[in-house]
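Subject: Handover of a structure, with findings

Dear colleague,

Please find the structure below, passed on to you for your own inspection. My notes on it follow.

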Amino acid sequence: MASTGSAIVKRALDLGLVLAVLPLALPLMAVIALWVRLDSPGPALFRQERVGQGGRLFRIHKFRTMQARSGPGPEVTAAGDARITRAGRYLRRTKLDELPQLIDVLKGDMSLVGPRPEVPRYMAMYPQEARQRILSVRPGITDRAAIEFRDEEGLLAGSDDPEAAYVQHVMPVKQAYYLDYVARHSVAGDVRILFDTLKVLLK
């Protein structure tokens with residue numbers, strides 16, 4: 001577990017990087033928002049309730065990548081899902097749909113690096129002790145699990161039941177990554193993860 005001092009440094013790093021990147025990212029975000037609106041009816045942003053630090057619920061922000069009137073469906077998405085829009089396919093593949101989460105970091109709901117926040121239903125499936133440890137830190141935009149499962153949608157597409165495959169095969173591996181992060185994370189480690197994420201995205 002991180003000390004109070006390192007937690008303050010981590011938060012300062014989050015704020016410093018987000019404030020430096022946002023002026024460059026905002027024009028791109030405006031273009032993406034317009035593209036999403038023109039590509040299919042509905043809002044540019046998608047909001048969904050996730051479980052944050054200490055079990056507090058918050059609304060995560062992403063660019064909308066699915067049809068706004070697609071109706072209820074699985075809360076995990078496999079490649080080829082008919083609900084995904086044309087713009088959404090590109091945004092999900094490049095991870096540009098995650099850009100609005102910079103605002104969530106600025107608000108303090110998320111960090112740049114940390115366990116990816118789950119929806120309440122999936123988080124409730126974690127063992128209580130693991131859940132408490134994972135939720136002791138702010139959730140993040142990226143982490144080792146996000147890098148490892150960067151093609152999660154493709155992996156799930158090979159299953160007859162993507163949701164069951166996610167719960168039975170993906171979640172246990174993510175849990176191990178999350179617990180390892182909570183036990184060993186540091187500011188230097190977060191910087192390494194950020195660089196590794198950029199390398200993966202720029203390939």
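Is Arg11 buried or exposed? With a relative accessible area of 16%, Arg11 is buried, because the cut-off for that class is under 20%. Please bear in mind that this is a predicted model.

Arg11 and helix 1

Arg11 is part of helix 1. Beyond residues up to four places away in sequence, Arg11 touches Val105, Leu106, Lys107, Gly108, Met110 and Arg138. Between Arg11 and Ala165 there are 35 Å, C-alpha to C-alpha, and the two are 154 residues apart in sequence.

Helix 1 covers residues 4–39, which makes 36 residues. A straight helix would reach 52 Å at 1.5 Å a residue, yet the end C-alpha atoms of helix 1 are only 46 Å apart. Helix 1 also has a kink of about 45 degrees at Leu22, shortly before the proline Pro23.

The buried residues of helix 1 are Lys10, Arg11, Asp14, Val18, Leu22, Ala25, Met29, Ile32, Val36 and Asp39. Leu22, the site of the kink, is thus listed among them. In an α-helix, residues three or four places apart point the same way, because there are 3.6 residues a turn. The cover over the buried residues of helix 1 includes strand 2 (57–63), helix 2 (86–94), helix 3 (101–107), strand 3 (111–113), helix 8 (162–184) and helix 9.

Leu17 also lies in helix 1, but Leu17 counts as partly exposed, because its relative accessibility is 34%. Apart from neighbours within four places in sequence, Leu17 is in contact with Leu112 and Leu194. Leu17 and Ala183 are 166 residues apart along the chain, and 24 Å separate their C-alpha atoms.

Helix 8

How does the span of helix 8 agree with what its 23 residues should give, and what is the distance between its end C-alpha atoms? At 1.5 Å a residue, helix 8 should span 33 Å, and its end C-alpha atoms are 31 Å apart, which agrees. Helix 8 nevertheless has a kink of about 40 degrees at Val170, shortly before the proline Pro172. Val170 is one of the buried residues of helix 8, together with Ala165, Tyr166, Met171, Lys174, Tyr178, Leu179, Tyr181 and Val182.

Salt bridges

The count of salt bridges comes to 13. One of them joins the side chains of Asp39 and Arg86, at 3.1 Å from N to O. This pair links distant parts of the chain, with Asp39 in helix 1 and Arg86 in helix 2, 47 residues apart. The two partners fall into separate classes of accessibility: Asp39 counts as buried at 15% relative accessibility, whereas Arg86 counts as exposed at 58%.

Arg116 forms a salt bridge with Glu98, and their closest N and O atoms are 3.3 Å apart. Arg116 lies in the loop between strand 3 and helix 4 (120–123) and Glu98 in the loop between helix 2 and helix 3, so the pair ties together parts that are 18 residues apart in sequence. Arg116 and Glu98 are both buried.

Within helix 8, the side chains of Arg184 and Asp180 meet in a salt bridge with an N to O distance of 3.2 Å. About one helical turn separates Arg184 from Asp180, because they are four residues apart in helix 8. Arg184 is exposed, with a relative accessible area of 64%, and Asp180 counts as partly exposed at 36% relative accessibility. Elsewhere, Arg56, Lys107 and Asp109 are joined into one network by salt bridges that share partners.

Loop and surface

Lys95 is located in the loop between helix 2 and helix 3. The phi angle of Lys95 is near 70 degrees, a positive value in a residue other than glycine. Lys95 is partly exposed, with a relative accessible area of 30%.

On the surface, a nonpolar patch is formed by Phe195, Leu198, Leu201 and Leu202, which together have about 450 Å² of accessible area. Phe195 belongs to helix 9 (residues 187–201). Phe195 counts as exposed, because its relative accessibility is 53%.

With kind regards

How values were computed. Residues numbered from 1 in each chain as written. Predicted model: local features only at pLDDT ≥ 70, side-chain atom pairs only at ≥ 80, totals over all residues. Heavy atoms only, no water. Patch = residues over 30% accessible without salt bridge, like charges linked within 9 Å, V, L, I, M, F, W, Y side chains within 5 Å. Areas by Shrake-Rupley, 256 points an atom, 1.4 Å probe, with all protein chains shown as cover. Salt bridge = Lys/Arg side-chain N within 4 Å of Asp/Glu carboxyl O. Helix = DSSP H or I, 4+ residues; strand = E, 2+ residues; numbered from the N terminus. Buried < 20%, exposed > 50% of the residue type's maximum accessible area, 1.4 Å probe, protein only. Expected span 1.5 Å × (residues − 1). Bend = angle between axes of the 7 residues up to and from the residue. Contact = heavy atoms within 4.5 Å.
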